[in-house]
Amino acid sequence: MHDIDTPTNPALPEFWTQPDPQAAFAAMRREGAVHWHAEPSSSWFPEGGRGFWSVVRYQELVEVSRDQDTFTSAHGTEIVDMTPEMVHIFGGMLNMSGAAHSHHRAIVNRVLTPRTVEALSDTIRAHARRCIDRVADKGSCDFMQDIVGDFPAQIICELLGVPADDRPRLVALTGTALSAYGTAEAYDAMLEIIAYAEELVARAREQVDDSASFLRRLLAAEVDGQRMSDHEIAVFFALLVTAGIETTATSIGQGMYALSLHPEQRRSWQGDFHRLAPRAVEEIVRWVTPVMYFRRTATRDTQIAGQPIAKGDKVVLWYTSANRDERAFERADELDFERPEEQHVAFGGGGPHFCLGAVLARKEMTIFFEELFARLPDIEVSGEPVRLHSNFVNGLASLPVRFSPA
């Protein structure tokens, strides 16, 4: 396949400032399932890179996701190549494969359980109400900055035992870490998050009287007689806060925007909230796709959709494109809460790297929209959103809204 130049080259920052990046992905899907992209020098990655294959269709993306033997995460899930230490810092077990990944995941699964998430329901509802109530009498605000911005952050911080005074800095660092995944600035932010987490883990280890805390339980959890080290827990902490803060805020914010574009779906959901909530949340996550890509690396010479892939080649899975693939979803660009339950890939395309935090994200979104509709039933988008300039998180920097003061 031939190289595709900007503005349809997602390696370049300019790709993400064009009016409709989804139109560029749609053009790629029409041409083929797999495309080669160069990595020229840019403001994000001054040294450039060796290029990568983009997988933009649903079927092929799922096939690659489920074949970790051929397409490994162990060399990094970022587009840019990194040193082994940087790969570890940026992803921890996200950037592991095989037995190492299975071991870490099994330990975390002992602690981050559906029961743990269910026990957070009252906390989630309290934070949702607090975020909404602080603007309820104003009549208008910025949905992202004034309502949603710190909602998932407060929940993750409660779960991890982060003191209230430390939370604003942690939230700011997660935004930096995800704005252009893999850059030097993002790496420095991850290092600061991990250094802070190591202090928190050390404190948790000393607080033997608080055995019910999440970090204490993670310190004690073991599989086959092995536990995670304090540093490994700190790296997982960084993964959890970066994955759990910005992405959930993105889903809620972009979800509110999606509802404004599809008012009939909004009316249906408000009219029958609990019946539609499970499908509505899944459909919003599909439509938004908060994490737009992860990378794999070919472990051997192979092919995808007939395209030869050489051992060592980078293969980037564009979830944001696969979730709009017309071959997998009818009227893929539309929001439809009665859509048949096709399996979207916003939490991963299946296989061993399915999102650990999916249960928590679904719970947060369901409770938030329930409280929003109850407290501000006529809230509506009142202007154009401002997108984050990111190649990784499909977020909004700003979304103006108005409503009748409560």
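Me: What makes strand 5 and strand 8 (residues 314-318) a pair?

Reply: In this predicted model, strand 5 and strand 8 are joined by five bridges in the antiparallel sense, and two strands pair if DSSP finds at least two bridges between them, so the pairing criterion is met. Within this pairing, phenylalanine 294 stands opposite leucine 317 in strand 8. Strands themselves are DSSP runs (E, at least two residues), as helices are (H or I, at least four), and both are numbered from the N terminus. Residues are numbered from 1 along each chain as its sequence is written. Local features need pLDDT of at least 70 and side-chain atom pairs count only at pLDDT 80 or more, while totals for chains, interfaces and linings use all residues, and side-chain values use heavy atoms, with hydrogens and water left out.

Me: Which residue of strand 5 stands opposite phenylalanine 71?

Reply: Phenylalanine 71 stands opposite alanine 298, and strand 3 (residues 71-72) is joined to strand 5 by two bridges, running antiparallel.

Me: What makes strand 5 (residues 293-298) mostly covered?

Reply: Six of its six residues are buried, where buried means under 20% relative accessible area, exposed over 50% and partly exposed in between, with a 1.4 Å probe and protein chains only. Tyr293, Arg295 and Thr297 point one way from the strand, whereas Phe294, Arg296 and Ala298 point the other way. In a regular strand the side chains alternate between the two faces of the sheet.

Me: How do you know that arginine 286 is buried?

Reply: Arginine 286, which lies in helix 14 (residues 273-288), has a relative accessible area of 1% and is therefore buried. Leaving aside residues up to four places away in sequence, arginine 286 touches Asn323, Arg324, Phe329, Ala332, Glu334, Arg339 and His344, contact meaning heavy atoms within 4.5 Å.

Me: Why are helix 12 and helix 13 called roughly perpendicular?

Reply: Helix 12 (residues 230-261) and helix 13 (residues 263-271) pack at an angle of about 110°, with their axes 5 Å apart. The axes are lines fitted to C-alpha atoms over the stretch in contact, and angles run from 0 to 180 degrees between N-to-C directions. Angles of 65 to 115 degrees count as roughly perpendicular, under 35 as roughly parallel, over 145 as roughly antiparallel and the rest as oblique, so the two helices are roughly perpendicular to each other. Met256, Leu259, Ser260 and Leu261 in helix 12 meet Pro263, Arg266 and Trp269 in helix 13.
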